[in-house]
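Biologist: I've got a fold open on my screen and would like to talk through its packing. Can you take me through it?

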Amino acid sequence: MEPRAKSSVLLIYTGGTIGMKPDPETGVLAPFDFSTIYDEFPYLGKLDVELEVINLTPIDSSNVTPELWCELARLIRDNYDAYDGFVVLHGTDTMSYSASALSFMLVNLAKPVIFTGSQIPIGVLRTDGRENLITAIEIAAAHDAEGPLVPEVSLYFQNRLFRANRTVKQSAEEFAAFRSYNYPALAEVGVNITFHRDYIHRPAHADAELRVAAALDDRVLVIRLFPGLREQVLRAMLSIEGLRAVVLETYGAGNAPTAPEFIRAVREAVARGLLVMNVTQCSGGRVAMELYETGRQLQEAGVICGHDITTEAAVAKLMYVLGQNLPAERTQRLLRHALRGEFTDAGIA
């Protein structure tokens, strides 16, 4: 029997803390050239993986825009047939937004795309980036007789692999910077890597051609409710010229003020064609607008239930769906149903 060929992984570096190392002369942190990764980290050669690197112009993740998402999606599409998996190195601040966006944009994905990064630069002795990088590569390369073990967009950080569009950054200081409050981990890493196969999405047609949905509409706004939000302020935000959709971060199980002026402002905005999606401010739990009068009034006004979707995934999904310029009824249908496992509805994982 001939030995199995090594898995091949493409590493795409976009910037972020993981790519920084101290300058040997000044001590100032500067971007690391990942094309020399084997020279810097020779132990990577012990992985049974053929690794290649693409260095994008490094940017702080606070400056990420949908244009970067399109560039990443096209890079993956253009290199899709040449590699078994992909690892994207990204700054942590907006990683959940970018990873969520790619989960929608990569249509018919049947290979791993894993986002990771670090809280401490990879060139610092105590970095968490080294383990995050090595394990992300190992998971991207992992496959069995049926194909890749994790054929979806995911996010790996501090011993856990999550579905990307279920994640939020929950700490600016802890190594376990990300959580998936409403969906279990896809894999947990200790002495061994334990894959939770029942939670991993499997493509319906693994041989379908990968397609990139690069038309994104960024005319989306997030409004977080708070006690004392004035009607004129709410109306001003809902009346922004060109605005097409709002992620409304409500209280608890999707509750909002029942003051007539508040409900009237929302109802009028929806009547004008504005899409409003109800997302809870809570880290865990779900929107259930039928539970309380405060939620039912939003439901009657035409607000879309976000179930247990994250704000990050809601923003990305709205940009993706609006970018398709579909008829209103079709747009509503896509927003009310889970497309990539981004929320849990009756019978939808």
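What follows is a short round of questions and answers about helices, cores, rings and backbone angles.

Biologist: Before we start, what kind of model is this?

Modeller: Residues are numbered from 1 along each chain as its sequence is written, and side-chain values use heavy atoms, with hydrogens and water left out. Local features need pLDDT of at least 70, side-chain atom pairs count only at pLDDT 80 or more, and totals for chains, interfaces and linings use all residues, as this is a predicted model.

Biologist: Okay, which residues of helix α7 are buried?

Modeller: Helices here are DSSP runs of H or I with at least four residues, strands are E runs of at least two, and both are numbered from the N terminus. Buried means under 20% relative accessible area, exposed over 50% and partly exposed in between, with a 1.4 Å probe and protein chains only. In α7, residues 293-300, that picks out Gly 295, Gln 297 and Leu 298.

Biologist: Why do those sit on the same side of α7?

Modeller: Look at the directions from the helix axis to the C-beta atoms, which define the arc. The buried residues are on the same side of α7 because they cover an arc of only 160° around the axis. They pack against β18 (245-250), α6 (260-271) and β19 (275-280).

Biologist: How many residues are in the largest nonpolar core, and which helix gives the largest share?

Modeller: A nonpolar core is a set of buried Ala, Val, Leu, Ile, Met, Phe, Trp, Tyr and Cys residues joined through side-chain atoms within 4.5 Å. Among the residues with the most contacts inside the largest one are Ile 76, Val 113 and Phe 115. The core has 57 residues, and the largest share, nine residues, comes from helix α8.

Biologist: What is Val 113 in contact with, beyond four places in sequence?

Modeller: Contact means heavy atoms within 4.5 Å. Leaving aside neighbours within four places in sequence, the partners of Val 113 are Ile 76, Phe 86, Val 88, Leu 106, Glu 152, Val 153 and Ser 154.

Biologist: How many aromatic pairs are there, and what is the angle between the planes of Tyr 80 and Phe 86?

Modeller: Rings of Phe, Tyr and Trp (its six-membered ring) pair if their centres lie within 6.5 Å; planes under 30 degrees apart count as stacked, over 60 as edge-to-face and the rest as tilted. The whole structure holds six aromatic pairs. Tyr 80 and Phe 86 are 6.4 Å centre to centre and stacked, with a plane angle of 5°.

Biologist: Why does the pair of Phe 104 and Tyr 320 count as stacked, and how many residues apart are they?

Modeller: The ring centres of Phe 104 and Tyr 320 are 5.8 Å apart with planes at 20°, so this pair is stacked. Phe 104 is in helix α3 (residues 95-105) and Tyr 320 in helix α8, so to speak distant parts of the chain, 216 residues apart.

Biologist: Is Thr 135 buried or exposed?

Modeller: Thr 135 lies in helix α4 (residues 129-141). Leaving aside neighbours within four places in sequence, Thr 135 is in contact with Tyr 156, Val 189 and Ile 193. With a relative accessible area of 6%, Thr 135 is buried.

Biologist: Last one: where is Asn 108, and what is its phi?

Modeller: Asn 108 is in the loop between β6 (106-107) and β7 (113-116). Asn 108 is not a glycine, yet has a positive phi of about 70°.
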